[in-house]
Structure formats: structure tokens, C-alpha cells
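Dear colleague,

Please find below the structure that I am handing over to you. I would be grateful if you kept it open while reading the notes that follow.

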Amino acid sequence: MLTLYGFSKVNAGARGKTRDLRVLWAVQEMQLPFEIAGMNHPAQDLSTDAYRCLSPFEQIPAIDDDGVVVSESGAILIYLARKSGRLIPGDRAGEAQVVRWCFAALDTVEMPLLALMVHDWTADGSCGKPREFLTGWVHRVLANLERWLVGRDFIATDEFTVADILMAHVLAVGINDEGLIAPYPGVTSYRDRCLARPAWRRTVEAYCARVEAG
Ligand SMILES: N[C@@H](CCC(=O)N[C@@H](CS)C(=O)NCC(=O)O)C(=O)O
């Protein structure tokens, strides 16, 4: 059985945005049977030797698929796609495009969005230059994404893949201020197209019913 380690309780600010949602969305799309091991973050469930064996950085998500342990949301999605034969092409060239865009989502795009978000959480009002730099970095990435998406429905191939799950989630939770993404209608409609999928809606509904804020 596929066991998915996800939050059962997490702080209110993070609830609804956490990276276990990427895996929960993928298993919905792939229609894979799974069970959830609910982890209570405030109760320190992630900071145990047992959990560190699954997830070395004490983070969610992780999976244990009949003894195959994988952490890191990108690695989990690629593993599940290869295992199920869904949301990834079967040929090496197509698979390479999906892997390429999974890395782009989690490295090239998520990094500046996260950096700006963390800056804004911690800003003391005296950080004009760093914020200007981070905002410029975000706009450069989003402008290039806008160019790439011209004439494309999905990010890596003609079909929806696990790279779209990662990219759409990064764009959904990494942008607090819609004004940042507003100049990029192609990126905005791409994100909204992915988030309109029934599997994502079901995922969010089940997560909200199950995961407590605390
Ligand atoms: N690179 C990891 C990042 C995982 C991550 O940041 N997880 C957060 C939740 S979204 C977490 O577990 N935070 C709890 C902590 O670090 O204490 C991935 O993509 O899976």
C-alpha cells in the first residue's frame, strides 16, 4: 500500500498551501489507492528519528510505497508518474521535458517567489534594495514563463503532466499579491486552468475537511 505522509495539523498560515497537496493532487489525477499518515506539526511529529529516516530534513511530504521511501515533492511525483504510467510520457524525450519542467518549477520559479515571500514576512521596513532586487527577479522569471506559454496549454507537453501540478502549485501558493502576476495573462490563465481541474478541487476539499489548523 502507498502511504502518504501529510499534515493532519499545521499552522493556520500554512494550511491549504502545504506541499503534501502536490502529492495528494497527483494521486487523485492518477487514481492511485493510498492511505494517509497524518502528521501533527505543532506536536513535533516530524522531529523524530523514525520520521527522519523517511524525510531527512523533517519535512512533508514523504511516501512509503511498500518499502520504497521517497521524500521531496518533485521526486515523489516523478516516481508516482513512472510507476502508474500516468501524467508523464512513456518515451525518453517526452519524459525529459517533464523532468526539465519539474526542476524549472521547483528551482527556477519557486526560488525567487519564495525568497520574496520570506523577505516580506521578515521585513523590518529598512530593506528597499533587497526587495527591489527580489521583485525584479520574480518579474524576469514570470515574463519568461509568459513567453514560453504562448501557444501552449501545458508546460512540458501537449498533455497535462506532473510538471503542471508542480508549476501550478508553485504559482498558486508562491504569490501572495495578485498584482505580481497580473501583468502576465498567459501565466495567470495557465495557473487557473490547472487549478480548475476536478482532481485539484477534490483534493482541496478533502484536505480542508481533514487537516486542522493549529
Ligand atoms: N523541497 C521540499 C520542501 C518541503 C517543505 O518545505 N515542506 C514543508 C511544508 S510545505 C514542511 O514540512 N515544513 C515543516 C518544517 O520544515 O518544519 C519538497 O518539495 O518536498
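Which domains does the domain assignment of the chain give? There are two entries: domain 1 covers 2–87 + 199–213, and domain 2 covers 92–197. Please bear in mind throughout that this is a predicted model.

**Overall form**

The chain has nine helices and five strands. Read from the N terminus, its elements follow the order β-α-β-α-β-β-α-α-α-α-α-α-α-β. The radius of gyration is 17 Å, close to the 17 Å that the globule rule gives for 214 residues, so the chain is as compact as a globular protein of that length. Along the principal axes, the C-alpha atoms fill a box of roughly 45 × 45 × 30 Å. Of the 214 residues, 35% are buried. If one takes the contacts with a separation of 6 or more, 71% of them are between residues 24 or more positions apart.

**Where the two domains meet**

The centres of domain 1 and domain 2, taken over C-alpha atoms, are 21 Å apart. In the contact between them, 13 residues of domain 1 meet 12 residues of domain 2. On the side of domain 1 that touches domain 2, helix H1 (20–30), helix H3 (73–84) and helix H9 (198–210) each provide at least two residues. The most comes from H3, with five residues. By character, the residues on this side of domain 1 are nine nonpolar, two polar and two charged.

**The nonpolar core**

The largest nonpolar core has 55 residues. Leu77, Cys102, Ala105, Val162, Ala163, Leu166 and Met167 have the most contacts inside it. Helix H4 (residues 92–122) gives the most to this core, namely nine residues. Why does the core lie between the domains? Domain 1 and domain 2 both give residues to it, so it lies between them. Ala105 may serve as an example to look up in the model: leaving aside neighbours within four places in sequence, Ala105 is in contact with Glu110, Ala163, Leu166, Met167 and Val170.

**Helix H1**

Helix H1 deserves a separate look. Nine of the 11 residues of H1 are buried, so this helix is largely enclosed by the rest of the structure. The buried residues are Asp20, Leu21, Arg22, Val23, Leu24, Trp25, Ala26, Val27 and Glu29. Which elements are included in what covers them? The cover includes strand E1 (2–10), strand E3 (62–65), H3, helix H6 (162–173) and H9. After H1 comes Gln31, which has a positive phi, near 55 degrees.

**The ligand**

Around the ligand are Thr18, Arg19, Leu46, Glu58, Gln59, Ile60, Pro61, Glu72 and Ser73. This shell divides into three nonpolar, three polar and three charged residues. Two places in the shell also have backbone features that you may wish to inspect. The first concerns Ile60 and Pro61, which are joined by a cis peptide bond with an omega of about 10 degrees. Pro61 is in the loop between helix H2 (49–54) and E3. The second concerns Glu72, which is not a glycine and yet has a positive phi of about 75 degrees. Glu72 sits in the loop between strand E4 (68–71) and H3. Is Glu72 buried or partly exposed? Glu72 has 17 C-beta neighbours inside 10 Å, so this residue counts as partly exposed.

For background, most residues other than glycine have a negative phi, and most peptide bonds are trans.

**Two further residues**

Leu87 also has a positive phi, of about 60 degrees, although this residue is not a glycine. Leu87 is in the loop between H3 and H4. With 22 C-beta neighbours inside 10 Å, Leu87 counts as buried, since 20 or more are needed for that class.

Arg193 belongs to helix H8 (residues 185–195). This residue has 14 C-beta neighbours inside 10 Å and therefore counts as partly exposed. Arg193 and Phe154 are 39 residues apart along the chain, while 9.2 Å separates their C-alpha atoms.

Yours sincerely,

A colleague

Note on methods:
Residues are numbered from 1 along each chain as its sequence is written. This is a predicted model: local features need pLDDT of at least 70, side-chain atom pairs count only at pLDDT 80 or more; totals for chains, interfaces and linings use all residues. Domain bounds come from an automatic or database domain assignment. Two residues are in contact if their C-beta atoms, placed from the backbone, lie within 7 Å. Helices (H or I, at least four residues) and strands (E, at least two) are DSSP runs, numbered from the N terminus. Ala, Val, Leu, Ile, Met, Phe, Trp, Tyr, Cys and Pro count as nonpolar, Asp, Glu, Lys and Arg as charged, and the others, Gly among them, as polar. A residue is near a molecule or strand if its C-beta atom, placed from the backbone, lies within 6 Å of it. A residue is buried if 20 or more other C-beta atoms lie within 10 Å of its own, exposed if 12 or fewer, and partly exposed in between; C-beta atoms are placed from the backbone. A nonpolar core is a set of buried Ala, Val, Leu, Ile, Met, Phe, Trp, Tyr and Cys residues joined through C-beta atoms within 7 Å. The radius of gyration is taken over C-alpha atoms; the globule rule is 2.2 Å times the number of residues to the power 0.38.
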